[in-house]
Amino acid sequence: MAKLSTEELLEQFAGLTLVELSEFVKAFEEKFEVTAAAPVAVAGAGGGAAAEEVEEKDSFDVILEAAGDKKIQVIKVVRELTSLGLGEAKAVVDGAPKAVLEGANKEAADKAKEALEAAGATVTVK
């Protein structure tokens, strides 16, 4: 088996859906008995480290608070953002408040929020 370079691995991951990537992470954690969770910073005296971490946040969750009156449009946007099937996207919208994207970068989170709000949804980014 040929060894893949870091760039080749990243190309492979770029082609995965969020669901496939999530399944991969779970399998990786089980196989190597590790966790992919980000390490938690231990706050020193005065809590200075925790304050710095908040300022440098680079991972955001996009939370669908409510679908509004254009539920079908919101379901379509959820499908576009997540690559979920119709049933799964409808379940996300019906189950609001619910995370649509988790661990997204700032740009992706802002775009997702814009698209969902344009469809009539109420959204928060955490």
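F24 and F28 both lie in helix α2, which spans residues 18-32. The two are 4 residues apart, about one turn of the helix. The model is predicted. In it, 2 aromatic pairs are counted. One of them joins F24 and F28, with ring centres 5.9 Å apart and planes at 45°. This pair is tilted. F24 has a relative accessibility of 36% and counts as partly exposed. F28 is also partly exposed, at 39%.

F28 and F32 form a tilted aromatic pair as well. Here the centre-to-centre distance is 4.8 Å and the angle between the planes is 50°. F28 and F32 are 4 residues apart in helix α2, so about one helical turn separates them. F32 has a relative accessible area of 49% and is partly exposed. The cut-off for exposed is over 50%, so F32 at 49% stays in the partly exposed class. F24, F28 and F32 together form one aromatic cluster.

A further ring, that of F60, has a charge over it. The charged end of K106 sits 5.5 Å from the centre of the F60 ring. K106 belongs to helix α6, which covers residues 106-118.

Side chains of opposite charge can pair when their charged atoms come close. The count of salt bridges comes to 5. One of them joins D94 and K71, with an N to O distance of 2.6 Å. D94 lies in helix α5 (residues 86-94) and K71 in helix α4 (residues 71-82), so this salt bridge ties together parts that are 23 residues apart in sequence. D94 is partly exposed, at 40% relative accessibility. K71 is partly exposed too, at 35%. A network of salt bridges links K71, K90 and D94.

Helix α6 holds further salt bridges, including that of E107 with K111. The closest N and O atoms of E107 and K111 are 3.3 Å apart. These two residues are 4 apart in sequence, about one turn of the helix. E107 is exposed, with a relative accessible area of 53%. K111 also counts as exposed, at 53%.

K113 forms a salt bridge with E117. Their closest N and O atoms lie 3.8 Å apart. The cut-off for a salt bridge is 4 Å, so the K113 and E117 pair at 3.8 Å falls within it. Both residues lie in helix α6, and again 4 residues, about one turn, separate them. K113 is partly exposed, at 28% relative accessibility. E117 is partly exposed, at 38%.

These helices belong to a chain with 6 helices and 3 strands. From the N terminus, the order of elements is α-α-α-β-α-α-β-α-β. The chain has 126 residues, of which 18% are buried. Its accessible surface comes to about 9100 Å². Carbon and sulfur atoms account for 55% of that surface. Among contacts between residues at least 6 apart in sequence, 63% join residues at least 24 apart.

Note on methods:
Residues are numbered from 1 along each chain as its sequence is written. This is a predicted model: local features need pLDDT of at least 70, side-chain atom pairs count only at pLDDT 80 or more; totals for chains, interfaces and linings use all residues. Side-chain values use heavy atoms; hydrogens and water are left out. Buried means under 20% relative accessible area, exposed over 50%, partly exposed in between (1.4 Å probe, protein chains only). Contact means heavy atoms within 4.5 Å. Accessible areas come from the Shrake-Rupley method with a 1.4 Å probe; for residues, only the protein chains shown count as cover. Rings of Phe, Tyr and Trp (its six-membered ring) pair if their centres lie within 6.5 Å; planes under 30 degrees apart count as stacked, over 60 as edge-to-face and the rest as tilted. A charge sits over a ring if NZ of Lys or CZ of Arg is within 6 Å of the ring centre and within 35 degrees of the ring normal. A salt bridge is a side-chain nitrogen of Lys or Arg within 4 Å of a carboxyl oxygen of Asp or Glu.
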